[in-house]
Amino acid sequence: MSHTFATEDQVRVRVPAKINLALCVGAQRHDGYHELATLFQAVSLYDDITVRASEELVCEVRGEQAHHIGPGDENLAYRAARLLKNEYGVSEGIHLTIDKQIPVAGGMAGGSADAAGALLACSRFWDVDASLEDLMALGSRLGADVPFPLMGGCAVGLGRGETLTPALSRGTFHWVLALSSTQLSTPEVFQRFDELTGHHPPPTTPEIPRELMMALTTGETKRVGAQLINDLHEASCSLAPTLPTTIRAGVELGCHGAIISGSGPTVAFLVDSEQEAQHLGELLTSLEVAQRTYHAVGPVPGATVIDDHRPHGHLMDPVPA
Ligand code: C5P
């Protein structure tokens, strides 16, 4: 492939973070991963991935947390672009810019979201013949959490978490996301889970509680809040000992449910409205049990092209954010 690029040729993709309303962890498999049954919900905290022409593969990260992320091989978005390029025999490179808002190592699949966004943006820019399913299959080779941000909404994840089925959900849920000043490494949390469960082996096929799936279809926050479950809770709390204090504060202040997102340390509190979210968020920061809070809603759609000025005359109106 060889194109003539104008300087304004670019594609921008907006990609959501996720929280896990259920994270039921089973036994460790031969490949080192744990068998999971998880219920994902995409929420309105986003990273933007912008791509433009370059001879080389280049990745730039912008935002307050940029210094936590390298530009090369350790960056999942960079690896995603390289994988797509190799799989589809693309000759040119690409310049990736990640505008980062999703917390790094926060349990919200920020790195996976960036990889998902990079797959979609690069596939558009290079005009490769890849369906969403193709991109999700490529994504699962990069990490268990990469396919979900492409799909968005609510979905059950089985296997390593990458085998997705859309889940029925009613209404919009309001969350307060309490970000921590610390970070947790997902492999370390799973390792601690193994240590803690050493004498009580987890099930080989974990299941999401039926009552949670039912509650989700009613949209009743009280019912959903009461059923939130994360089997990594103890492991995350033992590595980040201030987490129980944060959770207790939110519960005492009247949220309908609280859960550590993924391997943590971000905590998600379920409330009824934007006003309640703002109020709770302010209280949590003023009590100094959260470094920063966000109000987010879910479910939201998966990775979306919000700006498309490509070569080959594919000019489209930007979709409002
Ligand atoms: O797939 P991903 O690279 O995001 O996973 C990060 C790490 O989390 C894995 O290397 C593994 O240690 C742990 N993990 C796991 N079981 C899963 C998903 C992740 O043990 N189902």
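Q: Which pocket is the space taken by the ligand?
A: This is a predicted model. In it, the ligand takes up the space of the largest pocket.

Q: Which elements give two or more residues to the shell around the ligand?
A: They are β2 (34–52) and α5 (186–196). The largest share, three residues, comes from α5.

Q: How many residues of each class does that shell have?
A: Five are nonpolar, four are polar and one is charged. Among the surrounding residues are L36, R160 and F190.

Q: Where do polar atoms of the protein lie close to an oxygen atom of the ligand?
A: Look for pairs of N or O atoms within 3.5 Å. A polar side-chain atom of Y33 is 2.9 Å from a ligand oxygen. For a polar side-chain atom of H34, the distance is 2.7 Å. A144 uses a polar backbone atom, 2.8 Å from an oxygen of the ligand. The protein buries 75% of the 460 Å² that the ligand exposes when taken alone.

Q: Which peptide bonds are cis?
A: Most peptide bonds are trans. The bond joining G264 and P265 is cis, with omega about 10 degrees. P265 sits in the loop between β9 (257–260) and β10 (267–271). Another cis bond runs from G298 to P299, with omega near 0 degrees. P299 is in the loop between β11 (292–298) and β12 (304–309).

Q: Is E288, with its positive phi, buried or exposed?
A: Most residues other than glycine have a negative phi. E288 is not a glycine, yet its phi is about 60 degrees. E288 counts as exposed because its relative accessibility is 71%, and the cut-off is over 50%. Its place is the loop between α10 (274–286) and β11.

Note on methods. Residues numbered from 1 in each chain as written. Predicted model: local features only at pLDDT ≥ 70, side-chain atom pairs only at ≥ 80, totals over all residues. Heavy atoms only, no water. Near = heavy atom within 4 Å. Polar contact = N/O pair within 3.5 Å; in protein donor to acceptor, adjacent residues only side chain to side chain. Areas by Shrake-Rupley, 256 points an atom, 1.4 Å probe, with all protein chains shown as cover. 1 Å grid on protein atoms, 1.4 Å probe; cavity = no way out; pocket = protein on both sides within 12 Å on 5 of 7 lines; lining within 4 Å. Sits in = over half its atoms within 2 Å of the grid points. Helix = DSSP H or I, 4+ residues; strand = E, 2+ residues; numbered from the N terminus. Nonpolar A, V, L, I, M, F, W, Y, C, P; charged D, E, K, R; others polar. Buried < 20%, exposed > 50% of the residue type's maximum accessible area, 1.4 Å probe, protein only.
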